[in-house]
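I opened my notebook to look around a protein chain, one entry at a time. Come along and keep the viewer open.

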Amino acid sequence: PDLFALWRESEGRLGQHLHLPLQSGSNEILRRMARRCTVERYTELVEQARAAIPDLTVTTDIIVGFPGETDAHWQETVAFCQQMDFAHMHIFSYSARHGTAAARMDQQIAPEVKRRRSRELHRIAGDSKTRCLERFVGQVRPILCEGEGVPGVSGGIRYSGLTDNYLRCVVDAPAGLSLENRIVPVELKSIDVDTFRGELTAETLASLTPQIATA
């Protein structure tokens with residue numbers, strides 16, 4: 001609770017995003033991994049964070065095919081990931097590392113099973129991310145524009161950046177207007193696959209017009 005309270009006191013200085021590695025949605029597999037968290041405690045933490053932090057996005061890591069992961073264990077992970085509705089999932093297929101306890105475990109999972117489970121989870125992750133993006137279409141959010149940009153439409157410059165809650169957005173700026181490494185308000189107009197198409201607000205353009213004239 002003390003950590004989450006920082007967002008209320010930060011006056012926008014903290015991004016509204018948390019990456020909370022899960023690894024598995026099965027308590028039995030978490031135990032085999034020697035992880036100290038349970039799905040019940042993980043759920044509690046996410047619920048507390050979402051209640052405390054407006055527009056929070058939560059991302060996670062999942063390991064597919066850890067030794068001993070039965071079909072029943074896997075379905076627990078599938079159901080849990082659907083329940084959590086993550087903004088993004090980093091999905092990794094387990095691979096044995098020499099000298100580790102997991103590499104010596106019995107019930108190693110066949111490669112074709114891991115590939116099938118990974119494809120299934122990627123589909124779920126894609127649907128979950130789309131739902132997340134749809135929540136914010138039409139909002140104006142601050143975007144951190146990364147890099148120098150590339151040629152955009154009508155002779156302008158196209159920038160790619162991240163919202164304050166860690167969602168990817170591209171936005172076009174007029175020629176002569178550099179947004180490199182700047183945070184600017186952008187209206188999230190639409191979704192292109194897994195990225196927002198944004199538009200600089202009229203207020204943003206008006207405030208930056210002197211820069212264009214000077215350039």
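Entry 1, a term to start with. I call a residue buried under 20% relative accessible area, exposed over 50%, and partly exposed in between, using a 1.4 Å probe and protein chains only. The areas come from the Shrake-Rupley method with that 1.4 Å probe.

Entry 2, ground rules. This is a predicted model, where local features need pLDDT of at least 70, side-chain atom pairs count only at pLDDT 80 or more, and totals for chains, interfaces and linings use all residues. Residues are numbered from 1 along each chain as its sequence is written, and side-chain values use heavy atoms, leaving out hydrogens and water.

Entry 3, the whole chain. I looked up the secondary structure and found six helices and eight strands; these are DSSP runs numbered from the N terminus, with helices (H or I) of at least four residues and strands (E) of at least two. The C-alpha trace spans about 70 × 40 × 30 Å along its principal axes. Of the 215 residues, 41% are buried.

Entry 4, salt bridges. I count a salt bridge when a side-chain nitrogen of Lys or Arg is within 4 Å of a carboxyl oxygen of Asp or Glu. How many does this rule give? The count comes to 12 salt bridges.

Entry 5, Asp-71 and Arg-117. Their closest N and O atoms are 2.8 Å apart in a salt bridge. Asp-71 sits in helix H4 (residues 71–84) and Arg-117 in helix H5, so the pair ties together parts 46 residues apart in sequence. Is Arg-117 buried or exposed? Arg-117 is buried, with a relative accessible area of 4%.

Entry 6, Arg-168 and Glu-146. I found these side chains meeting in a salt bridge at 2.7 Å, N to O. Arg-168 belongs to strand E6 (residues 168–173) and Glu-146 to strand E4 (residues 140–151), so to speak distant parts of the chain, 22 residues apart. Glu-146 is partly exposed at 34% relative accessible area, and Arg-168 is partly exposed at 29%.

Entry 7, a network. Salt bridges also link Asp-55, Arg-141 and Asp-164.

Entry 8, Cys-37. I located Cys-37 in the loop between helix H2 (27–32) and helix H3 (39–52). Cys-37 is partly exposed, with a relative accessible area of 29%. Leaving out residues up to four places away in sequence, Cys-37 touches Leu-30 and Tyr-42, where contact means heavy atoms within 4.5 Å.
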